[in-house]
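Student: Could you take me slowly through one part of this model and what lies around it? I would like one residue as a starting point, followed outward into its surroundings.

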Amino acid sequence: MAADPCSLRHAAVSTWLAAGLSPVEVAERAGHSVAVLLEVCAAVLDGQQETSNQKIGDLLGDG
């Protein structure tokens, strides 16, 4: 049984966020505001502290 369109859309948006796309770009592609995007899909970003720290370190030349 195929998922409903809303579930497929949510899965796509969550995948884009988890892949590291900018929330601004993801919201634009999804057709809604960043606030709505983060309210609905922010859970997918939980638990990424290590990855975030590495990205910050790389940007600052520490990693």
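**A close look at L38**

Tutor: L38 is found in helix α3, which covers residues 34–41 (helices are DSSP runs of H or I with at least four residues, strands runs of E with at least two, numbered from the N terminus). The model is a predicted one, in which local features need pLDDT of at least 70 and side-chain atom pairs count only at pLDDT 80 or more, while totals for chains, interfaces and linings use all residues. Residues are numbered from 1 along each chain as its sequence is written, and side-chain values use heavy atoms, with hydrogens and water left out.

With a relative accessible area of 33%, L38 is partly exposed (buried means under 20%, exposed over 50%, partly exposed in between, with a 1.4 Å probe and protein chains only). On the surface, L38 joins V24 and V34 in a nonpolar patch, and together the three have about 210 Å² of accessible area (by the Shrake-Rupley method with a 1.4 Å probe, only the protein chains shown counting as cover for residues). Patch members have over 30% relative accessible area and no salt bridge, nonpolar side chains (Val, Leu, Ile, Met, Phe, Trp, Tyr) being joined within 5 Å and like charges within 9 Å.

From V24 in that patch, we can move into helix α2, which runs over residues 23–30 and whose buried residues are V26, A27 and A30. Seen down the axis of α2, these buried residues fall within an arc of 100°, taken over the directions from the helix axis to the C-beta atoms, so they line one face of the helix. V24, E28 and R29, by contrast, are exposed on the other side of α2. The buried residues of α2 pack against α3, the helix where we began, and also against α1, residues 5–18 (contact means heavy atoms within 4.5 Å). After α2 comes G31, whose phi is positive, near 85°.

R29, on the exposed side of α2, deserves a second look, for R29 forms a salt bridge with E25, their closest N and O atoms being 2.6 Å apart (the criterion is a side-chain nitrogen of Lys or Arg within 4 Å of a carboxyl oxygen of Asp or Glu). Both partners lie in α2, four residues apart, which is about one turn of the helix. Residues three or four places apart in an α-helix point the same way, because there are 3.6 residues a turn. R29 has a relative accessible area of 54% and is exposed, whereas E25, at 34%, is partly exposed. The structure holds one salt bridge, the pair just described.

Helix α1, one of the two helices against which α2 packs, contains S14, and this serine counts as buried at 13% relative accessibility. Apart from neighbours within four places in sequence, S14 is in contact with C41 and V44; C41 brings us back to α3, which ends at residue 41. Before α1 comes a segment that holds A3, a residue that is partly exposed, with a relative accessible area of 42%. From A3 to L37 the C-alpha to C-alpha distance is 20 Å, across 34 residues of sequence.

Stepping back to the protein chain, there are four helices and zero strands, in the pattern α-α-α-α along the sequence. Along its principal axes the C-alpha trace spans about 45 × 25 × 15 Å, and buried residues make up 14% of the 63 residues. The accessible surface comes to about 4,700 Å², and 58% of this belongs to carbon and sulfur atoms.
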